[in-house]
Each structure stands twice: as C-alpha cells, then as structure tokens.
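This report examines one helix and its surroundings, together with one loop residue. The sequence and the structure are shown below.

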Amino acid sequence: MKKLRNVSVKTKYYSFYTIIFFAFFIVVYAAFFVNGKSNVWRTDGLTQHYPALLYIRKWAKELIYNIFVLKKIEIPMWDMTLGEGGDFLNIFSFRPLVWISFLFPGNYLEIYNWFRMAVSMYLAGITFSCFCNRFKRLDSFCLIGTIAYVFSGFSICYAFRSSLFLEMIIFLPLMLLGTEKILKKESKKIFIISIVFLALSYFYTLYMLTAFSVIYAIVRYCFTVEQKSFKNFFGTISRFIFPFFLGLAISAVSLIPNLI
C-alpha cells in the first residue's frame with residue numbers, strides 16, 4: 001500500500017508539473033511567437049552554434065551513407081574546411097539533445113531549437129524534483145521551487161544566448177543527488193553517469209558543476225557529520241576520487257580532444 005501511495009504521489013506531482021511547466025513556457029515566450037522572433041542569438045547563435053549544428057548533421061549523414069550505402073565503416077575524422085584543416089573531434093561534443101535535430105528537416109532547425117529549449121528546461125525540472133524527492137519533499141513546495149528553478153533568470157537568459165548552457169541546470173541537481181548518495185555511502189551510479197555526460201558534452205560545464213558539487217559536499221559534511229576530524233574529512237572526500245576519474249575515463253573519447 002505504501003508503494004502504491006508513493007506511485008500515486010509521484011504521478012500526481014509530475015502531472016501537475018507538466019501542465020504548469022507548459023503553461024509557464026507559453027506565457028513566458030509567447031511574445032517571441034507573436035512577433036515572429038527567433039530564439040537563435042545573433043552573436044554566438046548565428047556565428048557558432050547554428051553553423052556547428054548544420055556541420056554535425058552533414059557529418060552524421062556522411063557517416064550513415066558510408067555504412068549503409070557504401071557498406072564500409074569509414075568515420076570522417078579530418079576536415080580541410082575547419083580552419084586550415086582540423087580534427088572533427090576538436091569541435092564535436094556528444095550532446096544527446098543534438099541528435100534529436102536529425103529528426104527535423106534542415107529547413108526546420110529553428111523549430112528544433114525551440115523544441116530543444118523546451119525539452120532542456122522540462123528535464124531540468126524533472127532532475128530538480130528528483131533531488132527534492134531525496135529529502136521526501138515531493139509536494140507543493142517542491143513544485144513551486146521547481147518552477148522557480150526552471151524559469152530562473154539564468155535559464156531564461158541562456159535559453160537564447162547559448163542553449164548549450166541549459167545542460168547546467170539539467171545536470172546540477174543530478175550531480176548534487178549523486179554527491180548526496182556518496183556522502184551517505186550509497187550507490188555511485190548517478191554521480192558517475194553525470195560526470196560521463198558532462199565530460200562528453202563540454203569540459204567547461206563539467207568544471208563548473210564539479211566546483212558546485214565540491215562546495216555542496218563540504219557544506220553537507222559540516223552540517224551532517226557529528227564527529228568531525230581531518231581523517232574523517234579526507235576519508236569522505238576520497239570516496240569521490242574513483243567515481244570521478246572513472247567517469248572521465250569513460251568519456252575520454254570526447255573530453256581529451258576538446259581539452260587539446
């Protein structure tokens with residue numbers, strides 16, 4: 001019965017969240033639709049992100065053509081159109097939401113940008129709610145906090161300036177949830193998976209969220225551990241070393257070229 005109640009609470013919560021999220025999304029961004037404005041920023045959007053998206057789609061089509069038409073596994077790795085010639089991995093990141101763009105025709109990538117923005121913000125609310133659920137707070141207060149988190153000044157600003165940074169608000173709650181679990185000597189899976197996706201995505205995002213997680217871990221240690229000592233402190237910190245570097249190792253195929 002307790003399990004059924006938990007399922008019922010979660011279903012009710014996420015249903016309310018979905019309805020409120022899309023209501024807020026439409027209200028907040030209605031002005032752009034009414035005035036026919038794009039969500040592609042003129043500065044970095046037109047000069048970097050949009051061309052990069054077109055290039056990645058072209059690269060993927062060439063890879064698929066080589067495999068299914070030419071019947072050979074030939075991965076395009078070097079391109080003379082990148083500056084004076086460059087390695088494809090230097091500009092490519094394995095962002096899962098980028099691959100959704102292949103479902104949209106080339107002429108409709110602007111619609112894809114809206115879709116990606118909405119999905120990113122929606123997922124941020126889901127991950128934030130999962131973090132709150134860790135503390136048994138999947139209630140109306142959590143819902144208010146989630147909406148405030150999703151539609152914060154940071155997310156609204158970077159949804160247009162650089163939607164890539166919306167990954168920060170998706171993965172921050174997961175990093176903190178993974179940190180919380182390791183502090184309590186529980187599963188390391190969520191922490192490792194977060195590190196893998198962040199490192200595959202962009203090293204700057206990984207660096208920023210790692211810094212926040214370290215601060216969170218120190219604060220939680222100070223306020224939750226009764227018998228504090230240097231030995232206990234460094235012992236607690238050491239539990240993060242292996243999962244962190246394991247995540248980096250798994251993502252090295254993208255992380256190392258980007259760092260270079």
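Two residues are taken to be in contact when heavy atoms of theirs lie within 4.5 Å. The structure discussed here is a predicted model.

## Threonine 205

T205 is part of helix α9. Its relative accessibility is 1%, and T205 therefore counts as buried, the limit for that class being under 20%. When neighbours within four places in sequence are set aside, the contacts of T205 are M168 and L198.

## Helix α9 and its two sides

Helix α9 spans residues 203-224, 22 residues in total. From first C-alpha to last, α9 reaches 31 Å, close to the 32 Å expected at 1.5 Å a residue.

T205 is one of the buried residues of α9; the others are L206, L209, T210, S213, Y216, A217 and Y221. Viewed down the axis of α9, these buried residues fall within an arc of 130°, so they line one face of the helix. The general geometry is that an α-helix has 3.6 residues a turn, so residues three or four places apart point the same way. On the other side of α9, the exposed residues include Y207, I215 and F223.

## What covers the buried face

Which helices are included in what covers the buried residues of α9? Among them are α4 (109-133), α7 (166-183) and α8 (189-201). The cover also includes α10 (230-238) and α11 (241-250).

## The packing of α7 on α9

The axes of α7 and α9 come within 9 Å and cross at roughly 40°. The two helices are therefore oblique to each other, as the angle is not under 35 degrees, the cut-off for roughly parallel. The crossing in which α7 passes α9 is right-handed.

On the α7 side, the residues that meet α9 are M168, F171, L172, M175, L176, T179, E180 and L183. Their counterparts in α9 are Y204, T205, M208, L209, T210, F212, S213, Y216, A217 and R220. M168, listed here for α7, is also one of the contacts of T205.

## Arginine 134

R134 is located in the loop between α4 and α5 (140-150). With a relative accessibility of 23%, R134 counts as partly exposed.

Which residues does R134 contact, leaving aside its neighbours within four places in sequence? They are L177, E180, K181, K184 and E186. For R134 and K181, which are 47 residues apart along the chain, the C-alpha atoms are separated by 9.2 Å. E180, another contact of R134, also appears among the α7 residues that meet α9.

Notes: Residues are numbered from 1 along each chain as its sequence is written. This is a predicted model: local features need pLDDT of at least 70, side-chain atom pairs count only at pLDDT 80 or more; totals for chains, interfaces and linings use all residues. Side-chain values use heavy atoms; hydrogens and water are left out. Helices (H or I, at least four residues) and strands (E, at least two) are DSSP runs, numbered from the N terminus. The expected span of a helix is 1.5 Å times one less than its number of residues. Buried means under 20% relative accessible area, exposed over 50%, partly exposed in between (1.4 Å probe, protein chains only). The arc is that of the directions from the helix axis to the C-beta atoms. Axes are lines fitted to C-alpha atoms, for helices over the stretch in contact, and angles run from 0 to 180 degrees between N-to-C directions. Angles under 35 degrees count as roughly parallel, over 145 as roughly antiparallel, 65 to 115 as roughly perpendicular and the rest as oblique. A crossing is left-handed if the near helix is turned anticlockwise from the far one by less than a right angle, and right-handed if clockwise.
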